[in-house]
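Please read the following report with the sequence and the structure side by side, and look up each residue as it is named.

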Amino acid sequence: MMKNNLSCGLLYFLFCLLLPPLVFSHTHGNPATEIVDILNKNRTDQKLHNLNDSPGLGCMALQYVELCKGNCTDNNVVNCKPPEDDFVEVFAPNCGIELPTFGTITGHIVGCQRKYLEPSLAFSQILIKDKKSLSLLRNKSHTEVGVGLVGLHKKGPFFWCVLFTDGKANSTFVLENRGAGIKQKKGCYSGSNTPCSRGQKHGVSSSNFFFMCYVFILLFKLL
């Protein structure tokens with residue numbers, strides 16, 4: 001009887017210990033899209049309209065930080081500013097954006113950090129951390145937004161970029177074949193169904209998952 005109680009207690013302890021990372025890995029798929037959700041909630045709280053999550057803008061935001069990765073100062077400032085022509089001549093073609101739909105980028109926010117931060121912390125500590133970025137976030141003329149995220153290495157630094165536009169929703173920065181031809185190898189961008197690569201920390205690896213299953217089976221045999 002005592003042995004069974006001990007086994008049940010151990011099983012319950014492991015369940016409580018391992019459940020949070022399991023849930024985290026299931027519910028947090030794309031941190032770039034999560035930042036868009038947080039951004040829109042902030043606007044809604046200010047009685048502003050939601051911004052459309054544009055995969056085209058998101059992809060270009062990822063291109064932006066891909067170009068700037070490696071340029072994060074000790075003060076967590078992105079020391080990089082791509083030429084404006086790169087948006088049309090480099091970023092848009094790399095993303096497969098239909099050039100007739102290329103609109104006006106009305107604002108951008110970039111930030112970097114030596115360590116990875118969850119979307120809510122990245123939003124408040126990296127992206128929206130002063131009056132200038134807050135004013136840009138709450139600009140009434142914006143209609144669409146895109147977020148890109150990439151990490152230089154598994155240990156960082158990590159780079160975030162937010163792009164805004166005032167174009168007609170779903171009519172500007174349109175991806176050819178809905179982005180089916182994009183070969184995303186690193187990072188992630190909002191509005192995409194492609195899993196994030198090196199842009200977030202995964203809650204539970206497959207090896208850990210199978211190990212946990214093995215432990216549970218052994219414990220059940222002891223009951």
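Phenylalanine 173 sits in the loop between E4 and E5, in a model that is predicted. Although phenylalanine 173 is not a glycine, its phi is positive, at about 55°. Is phenylalanine 173 buried or exposed? With a relative accessible area of 2%, phenylalanine 173 is buried, since the word buried is used here for a relative accessible area under 20%.

Another residue of this kind is asparagine 170, which is likewise found in the loop between E4 and strand E5, the strand of residues 188-189. The phi of asparagine 170 is near 65°, again a positive value in a residue other than glycine. Asparagine 170, however, is exposed, with a relative accessible area of 59%, and exposed stands for a value over 50%. The table sets these two loop residues side by side.

| Residue | Phi | Relative accessible area |
|---|---|---|
| Asparagine 170 | near 65° | 59%, exposed |
| Phenylalanine 173 | about 55° | 2%, buried |

A positive phi is also found at glycine 96, which follows helix H4 and has a value near 75°.

Helix H4 itself, which spans residues 85-95, has the buried residues Asp86, Phe87, Phe91, Ala92 and Cys95. When one looks down the axis of H4, these buried residues fall within an arc of 145°, and therefore they line one face of the helix. On the face of H4 that is turned away from this buried side, one finds the exposed residues Asp85 and Glu89. Which elements are included in what covers the buried residues of H4? Among them are helix H3, formed by residues 55-68, together with strand E2 (105-113) and strand E4 (158-165). Strand E4 thus appears twice in this report, as part of the cover over the buried residues of H4 and as one end of the loop that holds phenylalanine 173.

It remains to place these details in the whole chain. The protein chain has seven helices and five strands, and when it is read along the sequence these elements follow the pattern α-α-β-α-α-β-α-α-β-β-β-α. Of the 223 residues in the protein chain, 42% are buried. Among the contacts in the chain with a separation of 6 or more, 76% are accounted for by residues that are 24 or more positions apart. As for the outside, the protein chain exposes about 12800 Å², and carbon and sulfur atoms supply 57% of that area.

Conventions
Residues are numbered from 1 along each chain as its sequence is written. This is a predicted model: local features need pLDDT of at least 70, side-chain atom pairs count only at pLDDT 80 or more; totals for chains, interfaces and linings use all residues. Side-chain values use heavy atoms; hydrogens and water are left out. Helices (H or I, at least four residues) and strands (E, at least two) are DSSP runs, numbered from the N terminus. Buried means under 20% relative accessible area, exposed over 50%, partly exposed in between (1.4 Å probe, protein chains only). Contact means heavy atoms within 4.5 Å. Accessible areas come from the Shrake-Rupley method with a 1.4 Å probe; for residues, only the protein chains shown count as cover. The arc is that of the directions from the helix axis to the C-beta atoms.
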